[in-house]
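Hi,

Here is the structure I promised to send over. Have a look at it first, and then read on for what I found in it.

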Amino acid sequence: MKARKTSENVVMLPENIAQGELNAAVKKIVKNSTWWDLYGIDWCIITFWYLLLIPAFLLMRSQHWPTFIVGVVFMGLTHSAIAVKIAHAATHNGLCESKSWSKFWKHFFIEICGSFSVDLANNIHIKVHHPYTNIIGLGDSSSWRAPFVSRYLYMFITPLALPPLFPLFVMKELFGKWMELIRCTLFIAVGMCLNVLLLMNISGLTLFSSIMTMWAARASFSIPYIHVNIFQHIGLPMYAKEKAPKRIYLMSTGVLNLPRNPMLDWTFGHSIISCHVEHHLFPDLSDNMCLKIKPVVSKFLTEHDLPYNQATYMNRLWFFLERYEELMVKLPPITEFIGIQ
């Protein structure tokens, strides 16, 4: 029996499918994995990105624009990897087993390097987005909607303003929580000041040039960052909280994988790009482990006639450009889930 979707707002799938079998298979893989699989490969990638900063700062010493731009791109790649891939893993405690070190890495990668808030990442991403994926009013990715912006501005221009907007958003959201606000503001300021000082002392830039270069580097991959965040949930079934299906149905219908892409995999991470379904089913696993369990997850879902959503980057881009008002301006329609025998 094949899963059926009878209309755009009705999903019909085989009922009484338990996730226990899949959990057991994944648990066995994790148990038989070495530290290298669990964390080592990801730490090698982290080391690579930090080492890339050396040629980045040196290239930005050049008076020739092409060489300077290469340096900016290198710094932008590193920042994207740290602020997205690595910070995301840190949010899920996916960098190490130690709780103390996990807490340290959260503050280092998310606040000092990523200019965001550990508290907001935990409240928005861990406590809401993951347990209530595609639940309207909770984890429906509505925070990414900007109905007052036209489609081409939203998709290709406004993301460039994200670097200064993120710290302002943090201050707004933490207003009134004074201890968290002071700590987070201090850590973000330390990270930004260190970035500017390195640009001034190694690359030889002025204060103003350093600030603008930092903005340019941090904005260099903000356009695909916005795209990826909307591509993988919006446009898929959204449910009312009272009638939401079980977790296995919620994640299989409401999450989408993009194809593997060396650039995006290394800057945004497998768990965000090509293993997003796997990540939502097993959010505590590291990036490399999400890739390792991918064949098991895809096999389980397809064998049980459940959706395993996949689409190319360009396919989703055209989909959003053509249906921008429906997807990003109007409220999403509520999908009805029906279990069938």
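**Aromatic rings, and a few other things**

Let's start with W65, which counts as exposed because its relative accessibility is 62%. Before going further, please keep in mind that this is a predicted model.

W65 has a partner, F68, and that residue counts as buried, at 13% relative accessibility. Both sit in helix α3 (residues 65–91), and since they are 3 residues apart there, about one helical turn separates them. So this little pair has one exposed member, W65, and one buried member, F68.

There is plenty more of this kind, as the structure holds 25 aromatic pairs. Take F48 and W266: their ring centres are 5.5 Å apart with 80° between the planes, which makes the pair edge-to-face. F48 belongs to helix α2 (residues 35–59) and W266 to helix α12 (residues 262–267), so this pair ties together parts that lie 218 residues apart in sequence. For W65 and F68, the centres are 5.6 Å apart and the planes stand at 80°, so that pair is edge-to-face too. How exposed is F48? It is partly exposed, with a relative accessible area of 37%. W266 is also partly exposed, and its relative accessible area is 37%.

Rings also gather in a group: W43, Y50, W101, F104, W105, F108 and F109 form one aromatic cluster. If you want something to colour in your viewer, you could pick those seven names out.

Now for the chain as a whole. What does its secondary structure come to? There are 16 helices and 5 strands. A compact globule of 341 residues would have a radius of gyration near 20 Å, and the chain's value of 21 Å agrees with that. Along the principal axes, the C-alpha trace spans about 70 × 50 × 45 Å. Of the 341 residues, 51% are buried. Counting contacts with a separation of 6 or more, 72% are between residues 24 or more positions apart.

As for the surface, the chain exposes about 16700 Å², and carbon and sulfur atoms supply 67% of that area. On the charge side, there are 29 positive and 22 negative charges, and their mean positions are 3 Å apart.

One long-range contact to look up is at E21, in helix α1 (residues 20–31). Which residues does E21 touch, leaving aside those up to four places away in sequence? They are F300 and H304. E21 and F300 are 279 residues apart along the chain, yet their C-alpha atoms are separated by 8.7 Å. E21 itself is exposed, with a relative accessible area of 53%.

Finally, two backbone oddities. Most residues other than glycine have a negative phi. S115, however, has a positive phi, near 60°. You will find S115 in the loop between α4 (99–113) and α5 (118–129), and at 3% relative accessibility it counts as buried. N134 is another non-glycine residue with a positive phi, again near 60°. N134 lies in the loop between α5 and α6 (151–156). Is N134 buried or exposed? At 0% relative accessibility, N134 counts as buried.

That's what I have for now.

Cheers

Notes
Residues numbered from 1 in each chain as written. Predicted model: local features only at pLDDT ≥ 70, side-chain atom pairs only at ≥ 80, totals over all residues. Heavy atoms only, no water. Helix = DSSP H or I, 4+ residues; strand = E, 2+ residues; numbered from the N terminus. Rg over C-alpha atoms; globule rule 2.2 N^0.38 Å. Buried < 20%, exposed > 50% of the residue type's maximum accessible area, 1.4 Å probe, protein only. Contact = heavy atoms within 4.5 Å. Areas by Shrake-Rupley, 256 points an atom, 1.4 Å probe, with all protein chains shown as cover. Lys, Arg positive; Asp, Glu negative; His and termini not counted. Charge placed at Lys NZ, Arg CZ, Asp CG, Glu CD. Phe/Tyr/Trp six-rings, centres within 6.5 Å; stacked < 30°, edge-to-face > 60°.
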